[in-house]
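Trainee: Could you take me through the salt bridges of this model in some detail? I would like to see which residues pair up and how open to the surroundings they are.

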Amino acid sequence: MESEVSRIAHGGKALYGARVGILMLETRFPRIPGDMGNGLTWPFPVLYKVVPGATPDRVVRHKSAGLHNAFLDAATELVRLGSDCITTTCGFLSLFQRELAAHVAVPVATSSLMQIPLVQRLLPPGKRVGVLTVSAPSLRAEHFIAAGADPETPVVGTEGGREFTRVMLDEKHSLDAAAAERDILDAGDALIAQHDNIGAVVLECTNMTPYARALSEHLRLPVFSIYSFVTWFQAGLAPRDFGPPGSGQSRFLGEWHER
């Protein structure tokens, strides 16, 4: 006779099923599918919290001046609601990595730039990671160091383009996605032209993710984004249950075989 299995549910959170909490900049530009701030981007539920006053201009061009407590408070709120980890919608927030992780006491991944050391280890000898960013003049050594990455990593920005940086940093309410993609492809071409040993690209800007596939096909290189980072992150928080016979959570008690 099959033994009784406990079916007690345990609480303690306000919301369930969304392990990833995302700290959002305060923006009004279009967030198309693939953008971190579009809920349809994710193959799992997420929780969002907008940080008041955290405009793209203030975060990118002014190093989040005066926003320290606002980010800590917003992260605390996401954890209180039920998040098991925290991430953000701007790679420049690597500057808050250490403080946020200490403050909320859950895993924190503030920036796509944190992928750089791992991606570098994947590459053949003589190849290195390059970065595309929304603003190369604003992305400094301190951002890389805070992310645990080499501050000498090659960087090219889209600030010389026609659409992408203008829309993202100056808060435009319409976006020509084709022109934005062209800006990113042009920046990728410039990265390769300036550095002949690029073996992979990391996208600093979370708004670049919708164009990652086009960039990868254009350059014929691997492209890593905040999407690749957070999906990897979430896979550790909630490992896939493959069922019997490996799963210890299954009610399966007999021998396993394929039908």
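Mentor: Lysine 63 is partly exposed, because its relative accessibility is 35% and the partly exposed class lies between 20% and 50%. This is a predicted model, and the values that follow are computed from it. The partner of lysine 63 is glutamate 142, and the two form a salt bridge in which the closest N and O atoms are 3.3 Å apart. This pair links distant parts of the chain: lysine 63 sits in the loop between helix 1 and helix 2, while glutamate 142 belongs to helix 5 (residues 141–146), and they are 79 residues apart. Glutamate 142 is also partly exposed, with a relative accessible area of 34%.

Salt bridges that share partners also join Lys13, Arg19 and Asp84 into one network. Within that network, the side chains of aspartate 84 and arginine 19 meet in a salt bridge, at 3.1 Å from N to O. Aspartate 84 is in the loop between helix 2 (68–81) and strand 3 (85–88), and arginine 19 is in the segment before strand 1 (20–24), so the pair ties together parts that are 65 residues apart in sequence. Arginine 19 has a relative accessible area of 33% and is partly exposed.

The next pair lies within one helix. Aspartate 57 forms a salt bridge with arginine 61, and their closest N and O atoms are 2.9 Å apart. Both residues lie in helix 1 (residues 56–61), and they are four residues apart, about one turn of the helix. Aspartate 57 counts as partly exposed at 27% relative accessibility. Arginine 61 is partly exposed too, with a relative accessible area of 34%.

How many salt bridges does the rule give? The count comes to eleven, and the pairs described here are among them: lysine 63 with glutamate 142, aspartate 84 with arginine 19, and aspartate 57 with arginine 61. A salt bridge is counted when a side-chain nitrogen of Lys or Arg is within 4 Å of a carboxyl oxygen of Asp or Glu. The 3.3 Å between lysine 63 and glutamate 142 is therefore judged against that cut-off.

To sum up the placement, the lysine 63 and glutamate 142 pair links distant parts of the chain, whereas aspartate 57 and arginine 61 both lie in helix 1.

Technical notes
Residues numbered from 1 in each chain as written. Predicted model: local features only at pLDDT ≥ 70, side-chain atom pairs only at ≥ 80, totals over all residues. Heavy atoms only, no water. Helix = DSSP H or I, 4+ residues; strand = E, 2+ residues; numbered from the N terminus. Buried < 20%, exposed > 50% of the residue type's maximum accessible area, 1.4 Å probe, protein only.
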